[in-house]
Amino acid sequence: LLEFSRIETLEGVTRTPLNQFESVILPMLKVLNKYGVDFSLKKTVTDLDFKPGDKITVIKIHCKNSEGKSEEIMINAEDLVFFTNGCITDNSSNGDYKTPARYFPDNPPSFALWKRIVSKKPGQAGKPSPFGNPDPFFSKPDQTKWYSFTPTFKGNLFLRLIEAYSGNRPGSGALMTFKESSWRMSIVVAAQPHFMAQGDDTTILWGYGLYPDSIGDFIKKPMIDCTGEEILTELIHHLHFEKHANEIHAS
């Protein structure tokens, strides 16, 4: 809410020193581990059982482990269950510099779970389910999918060019959005290094396109069919760095 008066510039956006996982999650993890918190990772929640009645009280969690075996977690009366409806990377796949990321339009796991619990609490007397309606978020992937990319460079030529172009040193600016881009491409240049294990001579940036089915302005194909090399080429043109293109690609 504090940003609404300057939302068009994103001037007040703050950045963590490293990526959010290593700056926020890992410190929390270390503290919670001291208290003996049990983190059950690599499990896919498939269903929730509820206590009979009108209230929303989870009594059992159904899940599958990394080997695909079914497990059940019983919930005690004093326990709290927090359910997150979906994930921005749910149903995602990876490409690379020479390979486009494959598109899988099938229903992601979180959609199946969300639909399953809505069917158990469908709402009554014309009122919607207390869990809402997952369909608008998943039934129209052509309106909700996006394509993100993380170029990794040896040296800092590209980042120095962006800093000179934008006036923002890495980590000090917010999103840079190319409004005339048919892909509606944006990039973010974080402070370097962005990862603890990042080499001294390695720099990265991150970006995305909101309209990956559109034909590019310079690469005449949909973003979703593009390799990392082609996405970088499109970005270079939007930044008008053509004379540095060969050197940027070589890095």
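Is Ala125 buried or exposed? At 82% relative accessibility, Ala125 falls in the exposed class. Keep in mind that what you are looking at is a predicted model.

**Unusual backbone spots**

Let's stay with Ala125 for a moment. You'll find this alanine in the loop between α2 (109-120) and α3 (135-138). Its phi is near 55°, which is a positive value in a residue other than glycine. His240 has a positive phi too, near 60°. That histidine sits in the loop between α6 and α7 (245-250), and with a relative accessible area of 57% His240 is exposed. As background, most residues other than glycine have a negative phi, and most peptide bonds are trans.

A further backbone feature is a cis peptide bond, the one running from Gln192 to Pro193, with omega near 0°. To find Pro193, go to the loop between β7 (185-188) and β8 (202-204).

**Salt bridges**

How many salt bridges does a search of the whole structure find? The search turns up nine. In general, side chains of opposite charge can pair when their charged atoms come close. Here are some of the pairs, with their N to O distances.

| Lysine | Acidic partner | N to O distance |
|---|---|---|
| Lys145 | Asp142 | 2.8 Å |
| Lys145 | Asp213 | 2.7 Å |
| Lys221 | Glu230 | 3.2 Å |

Lys145 is worth a look, with a salt bridge to Asp142 and another to Asp213. The Lys145 and Asp213 pair links distant parts of the chain, 68 residues apart. On one side is the loop between α4 (141-144) and β4 (147-149), home of Lys145; on the other is the loop between β9 (206-209) and α6 (228-238), which holds Asp213.

How open are these residues? Lys145 has a relative accessible area of 12%, so this lysine counts as buried, the cut-off being under 20%. Asp142, in contrast, is exposed at 58%, while Asp213 is partly exposed at 38%. Over in the Lys221 and Glu230 pair, Lys221 is partly exposed, with a relative accessible area of 26%. Elsewhere, salt bridges with shared partners tie Asp47, Asp49 and Lys120 into one network.

**A closer look at Asp49**

Asp49, a member of that network, belongs to strand β1. Its side chain and that of Lys120 are joined by a polar contact of 3.0 Å. Which residues does Asp49 touch once its neighbours within four places in sequence are left aside? Asp49 is in contact with Thr57, Val58, Ile59, Lys60, His62 and Lys120.

**The second largest pocket**

Next, the empty space. Rolling a probe the size of a water molecule over the atoms shows where such space is left. The second largest pocket has a volume of about 910 Å³. Its lining is made up of 23 residues, and the closest to its centre are Ser40, Val45, Ile61, Val81 and Phe82.

Which elements supply at least two residues each to that lining? They include β1 (44-50), β2 (58-64) and α2. Strand β1 is also where Asp49 is found. Sorted by class, the lining of the second largest pocket has 14 nonpolar residues, five polar ones and four charged ones.

Key. Residues are numbered from 1 along each chain as its sequence is written. This is a predicted model: local features need pLDDT of at least 70, side-chain atom pairs count only at pLDDT 80 or more; totals for chains, interfaces and linings use all residues. Side-chain values use heavy atoms; hydrogens and water are left out. A salt bridge is a side-chain nitrogen of Lys or Arg within 4 Å of a carboxyl oxygen of Asp or Glu. Buried means under 20% relative accessible area, exposed over 50%, partly exposed in between (1.4 Å probe, protein chains only). Helices (H or I, at least four residues) and strands (E, at least two) are DSSP runs, numbered from the N terminus. On a 1 Å grid over the protein atoms alone, a cavity is a set of points where a 1.4 Å probe fits but cannot get out, and a pocket is an open set with protein on both sides within 12 Å along at least five of seven lines; lining residues have an atom within 4 Å of a point. Grid points are joined across faces, edges and corners, and a volume is the space filled by probe spheres set on the points. Ala, Val, Leu, Ile, Met, Phe, Trp, Tyr, Cys and Pro count as nonpolar, Asp, Glu, Lys and Arg as charged, and the others, Gly among them, as polar. A polar contact is a pair of N or O atoms within 3.5 Å; within protein, one must be able to donate a hydrogen and the other to accept it, and residues adjacent in sequence count only if both atoms are side-chain atoms. Contact means heavy atoms within 4.5 Å.
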